[in-house]
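Here are my notes on the model you asked me to look over, set out as numbered points. They go from the interior outwards and end with the backbone.

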Amino acid sequence: MEKYVYLQEYIHPMAKAFLESKVKVIDRIEEISKADAIISRNQFKVTKEVLLSAPNLKVIGVHGTGMDNIDVEEAKKRGIEIFNTPGMNSRSVAELNVLLALNLLRKTTQAAYDIKSGKGMENAKQDYQGKELTGKRAGFIGYGNIAKQTADILKNGFSVKVCAWSRSLTPEKAEEEQITYCAGAEEVLSCADIIFLGLRFTEENEYLINRDSLKICKPSAILINTARGKLVKEEDLYYALTHHMIAAAASDVFEKEPVSADNRLISLDNFIPTPHLGANTEEALYRVGMAVVMGVLERLSIPLTEEERNRNHI
């Protein structure tokens, strides 16, 4: 009996083609009643109404880790399995972390913007005097896969010293990782030259970064958030950046997404915005796409060969 998978959003073309070779893919909301599975990425909201409209639904596969767009409680009530695909995009986000750090330290985005906008600029202008990444101290609030891979690049590529705090990190684990253990987020904020946020969002850590916590930071510190937008109170970050409480910041995520043109942060020379593109690489999209497709097919008991099960890289 043919199985139906509802997929409204973009996934890697090779992953979609593989899915289409095994099941019937539907993308019209009017057909969701047929769906045995849903693949959810960033935009499609799996609400209670959607779930009630899909009586055949057995599984929801999350393209990534976030479940903010899914009514998890209603799905549980209906016996619908939800799974996500963690760790598949970690390297891409880690590389973006390092890119943003370098960019803020060397002021390359502002220099490039000034040249493209027609401003005259002499060589090695003092306004664009930067700092080296080598030898700085990176602090991580949250130390999961992305943080660990970011630290790996920084330690091995730039001789950066690393300190971290997370709820699961212990002094013993920190010693194994060859990093410095911090007893809390405040300790990271106070000692780091570059602060990376790596926490998932919960009500407990909403607005962890606010005016009070930013007062703890060095005036020369930079803040990078590629985790979740609501970890940072944006009006307080704007205040900190305009009152020289910290030197600069970059964010790939925002309180409201997509970020709007009237967000005051994006007007600042010492702030770099990117539009939630941390995992938006060819390699990561393939890995995540194939992982979520494979997970859906296995849960729908679609036969797969050993070769098909091992399709995890381009």
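1. The model is predicted, and I would begin with its interior. The largest nonpolar core has 30 residues, of which Ile141, Ile195, Leu237 and Ile246 touch the most other members. At least two residues of this core come from each of strand 7 (161-165), helix 8 (185-191), strand 9 (194-197) and helix 10 (234-242), and helix 10 gives the largest share, with four residues. In soluble globular proteins, nonpolar side chains tend to be buried together.

2. Ile246 deserves a point of its own, since it is one of the residues that touch the most other members of the largest core. Once its neighbours within four places in sequence are left aside, Ile246 is in contact with Leu214, Cys217, Lys218, Pro219, Ala221, Leu223, Leu237, Ala240 and Leu241. Apart from the largest core lies another one, of 28 residues, which includes Val98, Leu100, Ala164 and Ala174.

3. How many cavities of 30 Å³ or more does a search of the whole structure find? The search finds one, and the space in this largest cavity is about 80 Å³. Its lining consists of 13 residues, and those closest to the centre are Asn225, Val232, Leu237, Ser251 and Val253; Leu237 is also named above among the residues of the largest core that touch the most other members. Strand 10 (222-225), helix 10 and strand 11 (248-251) each supply at least two residues of the cavity lining, with strand 11 giving the most, three residues. Sorted by class, the lining comprises nine nonpolar, three polar and one charged residues.

4. The second largest pocket holds about 750 Å³ of space. It is lined by 31 residues, and Lys107, Gln110, Asp269, Asn270 and Phe271 are the closest to its centre. Helix 4 (90-106), helix 5 (108-116) and strand 12 (271-273) are the elements that give two or more residues to this lining, and the largest share, five residues, comes from helix 5. By class, the lining of this pocket is made up of 14 nonpolar, ten polar and seven charged residues.

5. Helix 5 can be read by its two sides. Gln110, Ala111 and Asp114 are its buried residues; seen down the helix axis they fall within an arc of 100°, and so they line one face of helix 5. On the other side of helix 5, Tyr113, Ile115 and Lys116 are exposed. Gln110 thus appears twice in these notes, as a buried residue of helix 5 and as one of the residues closest to the centre of the second largest pocket.

6. A similar question arises for helix 1: which of its residues are buried, and what covers them? In helix 1 (residues 13-20) the buried residues are Ala15, Phe18 and Leu19, and because they fall within an arc of 100° when seen down the axis, they line one face of helix 1. Their cover includes strand 1 (4-7), strand 2 (24-26), strand 3 (37-40), helix 11 (282-299) and helix 12 (306-309).

7. Ala35 sits in the loop between strand 2 and strand 3, and it counts as buried because its relative accessibility is 0%, which is under the 20% limit for that term. Leaving out residues up to four places away in sequence, Ala35 touches Tyr4, Tyr6, Ile26, Asn56 and Leu57. The C-alpha atoms of Ala35 and Lys131 are separated by 54 Å, and the two residues are 96 apart along the chain.

8. Lastly, some points of the backbone should be checked by eye. Most residues other than glycine have a negative phi, and most peptide bonds are trans. Lys107, in the loop between helix 4 and helix 5, has a positive phi of about 60° although it is not a glycine; with a relative accessibility of 34%, Lys107 counts as partly exposed. Ala124 also has a positive phi, near 50°, and is found in the loop between helix 5 and strand 6 (137-141), where its relative accessible area of 80% makes it exposed. Gly118, which follows helix 5, has a positive phi near 90°. The peptide bond joining Glu257 and Pro258 is cis, with omega about 0°, and Pro258 belongs to the loop between strand 11 and strand 12.

Notes: Residues are numbered from 1 along each chain as its sequence is written. This is a predicted model: local features need pLDDT of at least 70, side-chain atom pairs count only at pLDDT 80 or more; totals for chains, interfaces and linings use all residues. Side-chain values use heavy atoms; hydrogens and water are left out. Buried means under 20% relative accessible area, exposed over 50%, partly exposed in between (1.4 Å probe, protein chains only). The arc is that of the directions from the helix axis to the C-beta atoms. Contact means heavy atoms within 4.5 Å. A nonpolar core is a set of buried Ala, Val, Leu, Ile, Met, Phe, Trp, Tyr and Cys residues joined through side-chain atoms within 4.5 Å. On a 1 Å grid over the protein atoms alone, a cavity is a set of points where a 1.4 Å probe fits but cannot get out, and a pocket is an open set with protein on both sides within 12 Å along at least five of seven lines; lining residues have an atom within 4 Å of a point. Grid points are joined across faces, edges and corners, and a volume is the space filled by probe spheres set on the points. Ala, Val, Leu, Ile, Met, Phe, Trp, Tyr, Cys and Pro count as nonpolar, Asp, Glu, Lys and Arg as charged, and the others, Gly among them, as polar.
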